[in-house]
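Grab your viewer and work through these exercises. Each one comes with a solution you can follow step by step.

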Amino acid sequence: MYKLAFLCAGIVLCALLPALPPWFLLPALWLMLWPLWWRSRRTWLCALLWFSLGLSYACWRAELRLAQRLDPALAGSVLHVQGVVRGLADPGEFGMRFRFEVQQAGVALPPVLLLNDYRQRPWPAGSRWELSVRLRQPHGAANVAGFDAERWYWSEGILATGTVGKARYLRPAAGRDAQAWLDALRERIAVRLAGQGEPRDGALLAALAVGAQQGIARAQWDVLSATGLTHIVSVSGLHITLVASLVAGAASLLRRRWPRVPAMLSWWAGAAAALLYALLAGFSVPTQRTVWMLLTVCVALALHRGLSALQVWLAALAVVLLLDPFAVLAAGFWLSFGLVGALIAGEVGLRQRPAAWRSALWAQWRATLASFVPLLWLFGSFPWLSPLANALAIPLVSFVLTPLVLLAAALPFDSLAWLAGKVAHVFWWGADWLAQWPPYRRPLLPWQLWLAGVLGSLVWLLPLGRAWRSWGVLLLLPMLLYRTPRPPAGELWAEVIDVGQGLAVLLHTAQHDVLFDTGAGVAGRVLLPVLRARGVVRLDALLLSHHDTDHDGAANTLLQQLPVRRLLRGQPASAAGWRGQPCQAGQSWVWDGIRFDVLWPTPVSQGEDNALSCVLRVATPTQALMLTGDATLAVENTLVRQYGSALRSQVLVLGHHGSRTSSGADWLAVLQPQHAIVSAGYQNRYRHPHAEVLSRLHTSGITVWRTDTQGAVQLKLGPQLQLVTVRQGWQPYWAAR
């Protein structure tokens, strides 16, 4: 069994490497060490052989995938492709997103594209199209916390993203393959169930039936995350096992009538039903785990081999990783295999099984403990009421709602779907009530504390005896008691957050936190994860430079979820409905030895939105940072005439994301910045920063930092000036370069 464990460890390691070793060197090492192992039969040498074999296999698969990446020369060009829509289209925040499998193109393209249609046109599952597209290499925001889009792209095999042009031509559906037929069937079931009851009730039914989670709104995801019930809406092992049990039970009844039918028929029928349902539900990692575990048990029974639960679990893990070595990057992989592994580990060494109620409580405790560190790592929070929520929701969903949903999907009776919708309504009512209690949130932790937390959890989960559990508590305590370090008095820490095409700058003094602008979208997507990772529990001041979506778009959702003591806005339309003050020249305050001065606009300023941007200068005793929003050249020239050399700042966040309507020559000559930071979206359609501005900066000897290529920029302004970026540190080989 340990051989499979080391094989899997080698595959897992490959996904974490900063660069790929030549895959053929590892088989060479394996062949060199094989004779030595054959003579000595040393266990550690055998483990090394299997580990190198797993690493070599994963590196070979990774090189094959890297070779399929989009040619950078094709980025931004209009390309004509033919292919088929795979999976279900997702009505996202900025358009209709769908996966497109390329079947014909004039150039070499990745096999699967993730396309976005800003026109929100329908894209039926399994349909074939001829399209014009603009593609680019996958790229995501790079911050200290939040959703890692690049990791998700790689784990899903998406090697290019793009937008769809206006023209599209539907191709004949003749010759539709099995996957297209399954996708179309999934879509029909999802559409029928999604129409039951309220929108969120129907969305839950579609998710439970065929894994169609596209209809669940972000507000509902927040509720599920706050209660630890995110896994409930996935087609999980419980659902697959339920289908397998029903089919196996039906086959057993048939055997009673025809005794000559082999006993194994019921097992294989259940496993086959599980496989078919997993394919219909999208074949996610949790469904794969269950299917391979069931098939492993069937094979063992057929061969009259006895396998422990741990061996079955390990065999399923090996199959999943051999089929897809990059599944290890998906959050569902760790949560699925980790929770099941914890449940199995708790049963090892038991001489006598406890009572059913004690066994259920102990299993819930192990699942909670096993998910504590992974949830904090992946999502930055852990719901304290998760054990209670799961104890109530799992029986309701597994034994009442899921059977109803499966029957409603299989049978054409609207009454079943209506009844399932009512049960789903009860589920959401309970989840809303439990979500009122805030979860535990952790700040950004050093890697040493993460390692201690993992070891502490393992000590509690493994059957090591009660004496060891005190050590487990000691290992977990530093993780729970950690507090984010703050700058000393007279020093400013700042962070230009990578919010794409927008601006958000977080400022820390010794005891205060200030945010300048919020970026676009909703705060929970990028902004809130970063604030919570930095230990921000409230904002002492929020400044909204002006009313443009890329500067104040996330303000309303931020104000709903985070206390703000003082709100200053360049225009009244920003964060409408919230009490605040106008951002006006002359406002000034000092916190912890750091001076904040608002320089613009004046009470009589007039002009378009950008001309009314709030301009803020933040100064330590030795350094200064200038923030101008989208202030225009006219505003810059007015400030130069009014303040002169008093504007000097070592760091400048370029106005209007590097547009040529800002950052004029006179402005730069007076400020004399050493560093200029551009906050802009990757390959944005406005072509920010402008080449003319970049040339002006380089001519002046100013170092340029860019969030679109370097990720979030972190600054320390004190006796010394320090700047680092998120992408400067360790980066795996699959991340954007």
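**Exercise 1.** Find what Phe 382 touches beyond residues up to four places away in sequence.

*Solution.* Start with the contacts (heavy atoms within 4.5 Å): Phe 382 touches Thr 368, Ser 371, Phe 372, Leu 375, Leu 376, Pro 439 and Tyr 440. Next, place the residue: Phe 382 sits in strand 6, residues 381–382 (strands are DSSP E runs of at least two residues, helices H or I runs of at least four, both numbered from the N terminus). Then check exposure: at 4% relative accessible area, Phe 382 is buried (under 20%; over 50% is exposed, partly exposed in between, with a 1.4 Å probe and protein chains only).

A word on the source: this is a predicted model, where local features need pLDDT of at least 70 and side-chain atom pairs count only at pLDDT 80 or more, while totals for chains, interfaces and linings use all residues. Residues are numbered from 1 along each chain as its sequence is written, and side-chain values use heavy atoms, leaving out hydrogens and water.

**Exercise 2.** Work out which residues have the most contacts inside the largest nonpolar core.

*Solution.* A nonpolar core is a set of buried Ala, Val, Leu, Ile, Met, Phe, Trp, Tyr and Cys residues joined through side-chain atoms within 4.5 Å. The largest one holds 83 residues, and Phe 333, Leu 401 and Phe 427 have the most contacts inside it. Helix 15 (residues 414–434) supplies the largest share, 9 residues. A second, separate core has 30 residues, including Trp 591 and Ile 677.
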